[in-house]
Structures are given as structure tokens and as C-alpha cells.
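Hello,

Here is the structure I promised to pass on. Have a look at it first, and then read on for what I found when I went through it.

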Amino acid sequence: MSLIQWVDFQSLGDHRGQLVALEIGYEQAVPFDIKRVYYIYHTAPGVSRGFHAHKKLKQVAICISGSCRMVLDDGKVRESVEMNVPTRGLLIDSLMWREMHDFSDDCVLIVLASEHYDESDYIREYNAFRELIKNET
Ligand code: T46
């Protein structure tokens, strides 16, 4: 199965433009309770971000402006996907290495997170991630 799983949001657009509502609770598209929202913008030219996995955290990332490329790696398979559709969120499961590359100047990436910020949930060494995955399976 592909590591790339999308969550689609309905656009409530009309002749004035587009609008997407991220509803919490009833009929919400995101497959977890959202405890935190953050966004990444004005990424400096040529910079890549991420390079970590999370033990518990699940996230949905939506590129609401511009574009970037997300790499997901579960320790066995590595996949790369272009993020440039404001109505599609990329599900990033726990124990998934992620990297973000090729940010356009106008890229805004909004991220919905299942947990509050917790630095101890991060695995920032790729070898440590591989070891953890090996012990989990
Ligand atoms: C992820 C990718 C997609 C906070 O204090 N609170 C927060 O909620 C977040 C997300 C970050 N921070 C602090 C921690 C660092 O001092 O902000 C600084 C930058 O965070 P970081 O270097 O982890 O940023 P990215 O872009 O490498 O990764 C972020 C998320 O941290 C991560 O969970 O999956 O975006």
C-alpha cells in the first residue's frame, strides 16, 4: 500500500473564490481529534525541513498556497509527493520519517496535529528511527 494517503476537503467555492472549512467533530474529514494547528511559511530559498519522525503524533498537512514536496519514509519504502492542492491534506501517520523540500516562495503549509507539541515525541536521527521500526515489527 502506498504511504501517500490523502484526506479530501470540500471546497465551498462560488464566483467570489474558494473556501474550505475544517470542521471539528461532526462529519470531520480528519481521522483524529485535532489538538494543535501550526503553519509553515516564508521558507528561505533552498531550505529543506523536517528530517524526523514522531512516536505518537499523527498529522494532516495541507498546502494552502504555492507548493512543496513531501517525502515520507516508513523505514522500508520511501515516497515523494508534490503538495500543491489546497483541498487535499496528506495524512502523516506516527512512526513515519518526513522531509519537506522544494518550497516555492509563496508556500504555506498548514498542519493539523493529533497532539500538543512535545519534543520528546520526536525521533530526529534516521538510524534511531530505523532501529525503532525494526523493534516494532
Ligand atoms: C512536522 C513537520 C511537518 C513549537 O514550539 N511548537 C510546535 O507546535 C512546532 C511544530 C514547533 N515548535 C518549535 C520547535 C522548533 O524550535 O518550532 C521550531 C521549528 O520546529 P521544527 O524544526 O520541528 O520544524 P519542521 O518544519 O522541521 O517540522 C515541523 C513539525 O515540528 C513536525 O512535527 O511533522 O513540521
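A quick word on terms before the details: strands here are DSSP runs of at least two residues, numbered from the N terminus, and two of them pair if DSSP finds at least two bridges between them. Please keep in mind that this is a predicted model.

With that in hand, let me start with the sheet that holds strand E3. Five strands make up this open sheet, in the order E6-E5-E8-E3-E10, and their pairing is antiparallel. At its edges are strand E6 (78–83) and strand E10 (122–123), each of which pairs on one side only. E3 and E8 are joined antiparallel by three bridges; in one case His52 has Arg98 of E8 as its bridge partner. On E10, E3 is again matched antiparallel, here over two bridges, and His54 finds its bridge partner in Tyr122 of E10.

Several of these residues come back at the ligand. Which residues come nearest to it? Of the 13 around the ligand, they are Arg36, His54, Gln59, Arg98 and Tyr122. So you will meet His54 and Tyr122 twice, as bridge partners and among the residues that come nearest to the ligand.

The polar contacts are worth a look too. An oxygen atom of the ligand sits 2.6 Å from an N or O atom in the Gln59 side chain. For Gly50, a polar backbone atom is 2.9 Å from a ligand oxygen atom, and for Arg124 a polar side-chain atom is 3.3 Å from one. How much of the ligand does the protein bury? Taken alone, the ligand exposes 650 Å², and the protein buries 68% of that.

As for where the shell comes from, the elements that give two or more residues to it are strand E2 (36–41), strand E3 (49–54) and strand E8 (97–101). E3 gives the most, with four residues. Sorted by class, the shell has five nonpolar, four polar and four charged residues.

Now for the other sheet, which includes E2. This one is also open and has five strands, in the order E1-E7-E4-E9-E2, with antiparallel pairing. Why do two of its strands have a side without a neighbour in the sheet? Strand E1 (6–8) and E2 stand at the edges and have a single partner strand each, so one side of each is left free of a neighbour there. On average, neighbouring strands of this sheet are turned by 25° against each other, direction ignored. Further in, strand E4 (residues 59–65) and strand E9 (residues 108–113) run antiparallel and are joined by six bridges. If you want a pair to find by eye, Ala61 has Val111 in E9 as its bridge partner.

Last, the aromatic rings. Searching the whole structure gives five aromatic pairs. One of them is Trp97 with Phe129, a tilted pair with 5.8 Å from centre to centre and 35° between the planes. This pair links distant parts of the chain: Trp97 belongs to strand E8 and Phe129 to helix H1 (residues 126–136), 32 residues apart.

Happy browsing, and do write back with any questions.

Best wishes

Note on methods
Residues are numbered from 1 along each chain as its sequence is written. This is a predicted model: local features need pLDDT of at least 70, side-chain atom pairs count only at pLDDT 80 or more; totals for chains, interfaces and linings use all residues. Side-chain values use heavy atoms; hydrogens and water are left out. A residue is near a molecule or strand if one of its heavy atoms lies within 4 Å of it. A polar contact is a pair of N or O atoms within 3.5 Å; within protein, one must be able to donate a hydrogen and the other to accept it, and residues adjacent in sequence count only if both atoms are side-chain atoms. Accessible areas come from the Shrake-Rupley method with a 1.4 Å probe; for residues, only the protein chains shown count as cover. Ala, Val, Leu, Ile, Met, Phe, Trp, Tyr, Cys and Pro count as nonpolar, Asp, Glu, Lys and Arg as charged, and the others, Gly among them, as polar. Axes are lines fitted to C-alpha atoms, for helices over the stretch in contact, and angles run from 0 to 180 degrees between N-to-C directions. Rings of Phe, Tyr and Trp (its six-membered ring) pair if their centres lie within 6.5 Å; planes under 30 degrees apart count as stacked, over 60 as edge-to-face and the rest as tilted.
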